[in-house]
Amino acid sequence: MSFKKSQTFKSKKMLKIKNLHAAIEDGTEILKGINLEIRAGEVHAIMGPNGAGKSTLSSVIAGKEDYEITKGDIIFEGKNINEDAPEERAHKGIFLSFQYPVEIPGVSVTNFIRAAINENRKANRLEEMPAKEMLALIRENSEKLNIKKDFLSRSLNEGFSGGEKKRNEIFQMMMLNPKLAILDETDSGLDIDALKIVADGVNQFKNSENAVLLITHYQRLLNYIEPDFVHVLADGKIVKTGDKNLALELEEKGYEWI
Ligand SMILES: Nc1ncnc2c1ncn2[C@@H]1O[C@H](COP(=O)(O)OP(=O)(O)O)[C@@H](O)[C@H]1O
Ligand SMILES: [Mg+2]
């Protein structure tokens, strides 16, 4: 297993999930005892067959109310966040990408992100970001992601192609600059261009202070983003953990091998 420099210095513990069980409304348990620890500077990939509970795990970390934690703990930066509302978790620095982004006619890409950033700052008792600073940040990140000016003034997600949706999602992540970014990549609709947009964005985003939890069905995304750890989720449990070679092995042998 390869270790990055940041890890040899025992980087900061960011997320700790202990024996997490979560159920849907009718009481059916979907997550059946998840243990996971993520430190600053790490990229973790979660792979697994359809229906394993990958999206449920990302939703439960983000606090979506469709699920109830029936046992276990989610600790973020040393504090239990089991009872925190999704907004509170977002304000603490947890970001979850949207698989099915909503269209908001009349609200531009930039206005949406401006509002989100300032709402975040307000919750953390910070002043609104000065317009000049905001503009500089927008410019910096749109240049990094190759985003054109006219894209920034378009209505949010209205008529966006798959690639544009991804670009917007990654732009939101870079602008919000979360501590923990969770990207749930469905197998559908990720063509090679969209895949590269996601990979390029994640590679520019990651640093020694933040962490990325990448959920993906296919190994190919991991050709572009090198994970420090790969976990296999099956039937609501992490059944195997390894490094990037585990993803390659899975690609070769299929999930039946697990
Ligand atoms: N809100 C929900 N209502 C009913 N069933 C759900 C809900 N969320 C997840 N499930 C079920 O839980 C299982 C895991 O789903 P999911 O987390 O979406 O898996 P994955 O993302 O790994 O494909 C599936 O059987 C799915 O039907
Ligand atoms: Mg899913």
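Let me start with Phe-151, which is buried in this predicted model, its relative accessible area being 6%. Because buried means under 20% relative accessible area, we can put Phe-160 in that class too, since its relative accessibility is 7%.

Now, how are these two rings arranged towards each other? A pair of aromatic rings is described by the distance of the centres and the angle of the planes. The count of aromatic pairs comes to one, and that pair is formed by Phe-151 and Phe-160, with 5.0 Å from centre to centre and 35° between the planes, so that the pair is called tilted.

If you look at what touches these rings, you will come to Asn-168, which lies in helix α7, the helix running over residues 162–176. Leaving aside residues up to four places away in sequence, Asn-168 touches Phe-151 and Phe-160, and also Val-109, Leu-156 and Asn-157. Is Asn-168 buried or exposed? With a relative accessibility of 3%, Asn-168 counts as buried.

Let me turn to another helix, α2, which covers residues 54–62 and holds Ser-58. Ser-58 is buried as well, at a relative accessible area of 2%, and, again not counting residues up to four places away in sequence, Ser-58 touches Leu-96, Ile-182, Asp-184 and Ile-215. There is also a polar neighbour for the side chain of Ser-58, because one of its polar atoms lies 2.8 Å from the backbone oxygen of Ser-55, and a polar contact is a pair of N or O atoms within 3.5 Å.

Ser-55 brings us to ligand 1, since a backbone N or O atom of Ser-55 lies 2.9 Å from an oxygen atom of this ligand. Backbone atoms of two glycines are placed in a comparable way, with 2.7 Å between a backbone N or O atom of Gly-51 and a ligand oxygen, and 3.0 Å for Gly-53. On its own, ligand 1 has 560 Å² of accessible area, and the protein covers 59% of it.

Which residues make up the surroundings of ligand 1? They are Ile-24, Ile-30, Pro-49, Asn-50, Gly-51, Ala-52, Gly-53, Lys-54, Ser-55, Thr-56 and Tyr-67. Sorted by kind, this shell has five nonpolar residues, five polar ones and one charged residue. Helix α2, where we met Ser-58, gives the largest share of the shell, namely three residues.

Note on methods. Residues are numbered from 1 along each chain as its sequence is written. Chains are lettered from A and ligands numbered from 1 in the order in which they are written. This is a predicted model: local features need pLDDT of at least 70, side-chain atom pairs count only at pLDDT 80 or more; totals for chains, interfaces and linings use all residues. Side-chain values use heavy atoms; hydrogens and water are left out. Helices (H or I, at least four residues) and strands (E, at least two) are DSSP runs, numbered from the N terminus. Buried means under 20% relative accessible area, exposed over 50%, partly exposed in between (1.4 Å probe, protein chains only). A polar contact is a pair of N or O atoms within 3.5 Å; within protein, one must be able to donate a hydrogen and the other to accept it, and residues adjacent in sequence count only if both atoms are side-chain atoms. Contact means heavy atoms within 4.5 Å. A residue is near a molecule or strand if one of its heavy atoms lies within 4 Å of it. Accessible areas come from the Shrake-Rupley method with a 1.4 Å probe; for residues, only the protein chains shown count as cover. Ala, Val, Leu, Ile, Met, Phe, Trp, Tyr, Cys and Pro count as nonpolar, Asp, Glu, Lys and Arg as charged, and the others, Gly among them, as polar. Rings of Phe, Tyr and Trp (its six-membered ring) pair if their centres lie within 6.5 Å; planes under 30 degrees apart count as stacked, over 60 as edge-to-face and the rest as tilted.
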